[in-house]
6 protein chains.
Amino acid sequence: MPYINIKVTDTNVTNEQKKLLIEGATELLMNILNKKPETTHVIIDEIPIENWGFNRKQFLGNKK
Amino acid sequence: MPYINIKVTDTNVTNEQKKLLIEGATELLMNILNKKPETTHVIIDEIPIENWGFNRKQFLGNKK
Amino acid sequence: MPYINIKVTDTNVTNEQKKLLIEGATELLMNILNKKPETTHVIIDEIPIENWGFNRKQFLGNKK
Amino acid sequence: MPYINIKVTDTNVTNEQKKLLIEGATELLMNILNKKPETTHVIIDEIPIENWGFNRKQFLGNKK
Amino acid sequence: MPYINIKVTDTNVTNEQKKLLIEGATELLMNILNKKPETTHVIIDEIPIENWGFNRKQFLGNKK
Amino acid sequence: MPYINIKVTDTNVTNEQKKLLIEGATELLMNILNKKPETTHVIIDEIPIENWGFNRKQFLGNKK
């Protein structure tokens, strides 16, 4: 009964990509740990780009 | 000093229901573990329905 | 399909109390939001007391 | 390679304040644990004020 | 710069399986969202089996 | 009423360092967002080094 949380910046993740992330993450747990898909939850959090810091700056700031 | 995080899909949770969730979760910790309400925090995360995967599909996809 | 995470300090939470927390939290979601127990997960994290800070001090430090 | 998550209510946190939080949190880990900024991530979550409960009430409710 | 958190019960996850989970999760983000492995973090939490509730019972309780 | 979660690898974080992290994180929120220390919680999670992946490998694996 795994729970997988994927946090990415909110930069145009399409619905198709969300489907693929959910499928891929669930299958990873099926293949490696024999977990059942019926009890596997995946939550994708899209973090506003200005709320994600990396290397002491807003992700935004790193882009320049 | 407990911290409780409730994640649900963002499907019309009313303000009244949020109040009841906060009250209920705080009282659960008071009753079972004798925790003080003044140090108990509850955070409700409403997850966009297309970002929650279950049984290898978007929650959305399961609805059909 | 809610997910509930309860964080408390690791101060002798008994197995019986864990059962009651899981039951209570699941029923809260059933009663208030009509969520099904079969898709409701509860995770209890017991945090070492010296790793929880509150009011600028280790929880430990507040006990004196 | 630390990961820091800061949750605050969504009450007008300015972009300037976000920058300072990211800088400050990263430097805290550099100064105290010698962590490298290049592998330190900070995520700020702004929680809707009605979704944060404290002392058995919505944060909102405490304000009156 | 994604962050992936995988929560599973603490039932003998081997070091080899941890490596495969980390690799697989990182590659998922590379393949689907073009994220760089150098900024992708994966954290595996192994939750004590009696601390994970599902269907109103400890995971333990469901096993009988 | 902020909540700050600091995740680091479990590599000999001393009690003194934990105190400084808690103090520093609380003061950061006081100084930048005017948050009260009495409602600020800090939780430090020490992640087993083999459970933290970075750049597609266990943190361990990167050390060689």
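These legends go with a handful of close-up views of a predicted model.

**View 1. Chains A and E around their rotation axis.**
Turn chain A by 180°, with 0.0 Å of shift along the axis, and you land on chain E with an RMSD of 0.0 Å. That's what a two-fold axis does. If you're looking for the residue of chain A that comes closest to the rotation axis, go to A:Asn5, whose C-alpha sits at 2.5 Å. Both copies use the same surface here, with 100% of the contact residues of chain A turning up again in chain E.

**View 2. Two pairs of chains that stay apart.**
Not every pair of chains meets in this model, so to speak, and two cases are framed here: chains C and D don't touch, and no contact links chain B with chain E. For chains C and D, the nearest C-alpha atoms are 14 Å apart. For chains B and E, the closest C-alpha atoms also lie 14 Å apart.

**View 3. Tyrosine rings of chains A and C.**
Over all chains, the structure holds 3 aromatic pairs. One of them is shown here: the ring centres of A:Tyr3 and C:Tyr3 are 4.0 Å apart and the planes meet at 5°, so this pair counts as stacked. A:Tyr3 belongs to strand β1 (residues 3-9) of chain A and C:Tyr3 to strand β1 (residues 3-9) of chain C, so the pair joins two chains. Neither ring's residue sees much solvent: A:Tyr3 is buried at 4% relative accessibility, and C:Tyr3 is buried with a relative accessible area of 4%.

**View 4. Tyrosine rings of chains B and F.**
Here B:Tyr3 and F:Tyr3 put their ring centres 4.0 Å apart with planes at 5°, so they're stacked. This pair joins two chains as well, because B:Tyr3 is in strand β1 (residues 3-9) of chain B while F:Tyr3 is in strand β1 (residues 3-9) of chain F. B:Tyr3 is buried, at a relative accessible area of 4%, and F:Tyr3 is buried too, at 4%.

**View 5. An open sheet built from several chains.**
Follow the 8 strands across and you get β4(A)-β3(A)-β2(D)-β1(D)-β1(F)-β2(F)-β3(C)-β4(C), an open sheet with mixed pairing. At the edges are β4 (57-58) of chain A and β4 (57-58) of chain C, each pairing on one side only. Zoom in on chain F and you'll find β1(F) running parallel to strand β2 (residues 41-47), with 7 bridges between them. Within that pairing, F:Thr9 faces F:Ile47 of β2(F).

**View 6. Helices packed on the sheet.**
Helix α1 (residues 15-33) of chain D packs on the sheet, and among the strands it touches are β3 (52-54) and β4 of chain A as well as β1 of chain F. The direction of this helix makes about 140° with that of β2(D). Helix α1 (residues 15-33) of chain F lies across strands of chains C, D and F, including β3 (52-54) and β4 of chain C and β1 of chain D. The chain F helix runs at about 140° to β2(F).

**View 7. B:Pro37 in its loop.**
B:Pro37 is part of the loop between α1 (15-33) and β2 (41-47) of chain B. Despite the loop setting, B:Pro37 is buried, with a relative accessible area of 10%. Beyond its neighbours within four places in sequence, B:Pro37 contacts B:Thr26 and B:Met30 in its own chain, plus D:Phe54, D:Asn55 and D:Arg56 across in chain D. B:Glu16, 21 residues away along the chain, has its C-alpha 19 Å from that of B:Pro37.

Terms used
Residues numbered from 1 in each chain as written. Chains lettered and ligands numbered in written order. Predicted model: local features only at pLDDT ≥ 70, side-chain atom pairs only at ≥ 80, totals over all residues. Heavy atoms only, no water. Least-squares fit on C-alpha atoms with pLDDT ≥ 70 in both. Contact = heavy atoms within 4.5 Å. Phe/Tyr/Trp six-rings, centres within 6.5 Å; stacked < 30°, edge-to-face > 60°. Helix = DSSP H or I, 4+ residues; strand = E, 2+ residues; numbered from the N terminus. Buried < 20%, exposed > 50% of the residue type's maximum accessible area, 1.4 Å probe, protein only. Pairing = 2+ DSSP bridges. Axes fitted to C-alpha atoms, helices over the stretch in contact; angles between N-to-C directions.
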